[in-house]
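User: Could you take a close look at the aromatic rings in this one and walk me through how they pair up?

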Amino acid sequence: MKNKYVITEYKNKHLCAVYEDDVPVELIFAEKSEFSVGSIYIGRVDSILKNLNAAFVNIGPDVKGYLPMKNPDKFKVGAEIAVQIEKEAIKSKEIRLTEDISLGGHYLAIAKGRPGTGISKKITDDEIRRSLKESFKTFIEEDDFLRDFFANKGYGLVVRTAAAGADEEELKKELKDLAGKLSDIEDYADKRTVYSCLYMEEDAYFRRIRDAAGETERIVTDIPEIYQKCLDYFSDREELTGVTALYKDEMLSLLKLYSLETVIQEALQKKVWLRSGGFLVIEPTEALTVIDVNSGKNIKGKNKQKLIFETNLEAVCETARQLRLRNISGIIIIDFINMSSKEYQSELISELKKVLKKDRIESRFIDLTPLGLAELTREKIQKSLYEQIKKPEYVQ
């Protein structure tokens, strides 16, 4: 599967539309805010909630974040502490912060508070997992700086899927680069005052492209500064700079060329049509999102159960795409068309689990209730498309 990224402007925001096999699957907006996920600040403890093992920390004038704490007695009100934005503010919830600062690259991430070397679950070959673990152990043992960094600063490694089969020199280089940046950030923190930004994370779509570099077919933008930023940010990744292009047709913007306004409009509607003639009805509520699968005019013919199964199967794939496109998170309930066949039910759930694994945001199938309702959860990291667009109501 090849990815294409279309970066343009929409209502004074930068928009990156992600396509998989020419089908739009994600819409990533770059909010014009310095308080982006991944950025690191010197914050001041505003209040401590010992009963919740948490604190509220100000990371800027009138900018407050919620910080879960392993030891609430470690800090006092007024203390200054380095924190990283883990999740942006969603609805009534504050920005979520973490003390466990981390930096990620294409092949790996280094994270505080997670000692040892963790390998991506998507790398299933035991020999590759063992080899990667041994390689990173050797890198650290044979380098004085890395040995000291991991021995004394409480950091650990998380090895990404892309590391499987990668050149060892590239792995070692990224390891040293990330460790060097983190070391500089810690040294810088000792010299900075409260509210100082120690590290500014790039826009979310840059991280998205970086993490899936090996699957990228094309990056195109009609914004000259974004084009240059792509070349600079990915300067060490020829497979990305080589497919990055600046679109220059002043008569037809990328927004119009790819009909992105239509894509956004359709992603805000309640009803989503399936090719078979069935459709989904997507209803977001305060507590959860309900997705109702309807057969429409599709259930005709002798083998009704098979047609129902095929409609449900199509609904599984489209639902997975809509979750990503709309960035729906939290609890999700899918009301499939009732099937009496246990075999069909089993196949349907198997396919649902399979498509959820393709989601870059953690999504899990929980259970199929006796009433045939599929229960899912999707991690909340960023605002939904609906919240980002700030549309007063879904288009009917």
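Analyst: Here is a walk through the aromatic rings, with one pair taken in detail. Bear in mind that this is a predicted model, where local features need pLDDT of at least 70, side-chain atom pairs count only at pLDDT 80 or more, and totals for chains, interfaces and linings use all residues. Residues are numbered from 1 along each chain as its sequence is written, and side-chain values use heavy atoms, with hydrogens and water left out.

The structure has 14 aromatic pairs; rings of Phe, Tyr and Trp (its six-membered ring) pair if their centres lie within 6.5 Å, and planes under 30 degrees apart count as stacked, over 60 as edge-to-face and the rest as tilted. One of them joins Phe145 and Phe149, a tilted pair at 6.0 Å centre to centre with 40° between the planes. Both sit in helix α2 (residues 144–152), and because they are four residues apart, about one helical turn separates them. Helices here are DSSP runs (H or I, at least four residues), numbered from the N terminus.

The two rings' residues differ in burial: Phe145 is partly exposed at 33% relative accessible area, while Phe149 is buried at 0%. Buried means under 20%, exposed over 50%, and partly exposed in between (1.4 Å probe, protein chains only). The pair also belongs to a cluster, where Phe145 and Phe149 are joined by Phe150 and Tyr155.

Elsewhere, rings meet charges: the charged end of Lys271 sits over the ring of Phe279, 4.5 Å from its centre, and that of Lys4 over Tyr19, at 5.7 Å. The cut-off is NZ of Lys or CZ of Arg within 6 Å of the ring centre and within 35 degrees of the ring normal.

Key:
Helix = DSSP H or I, 4+ residues; strand = E, 2+ residues; numbered from the N terminus.
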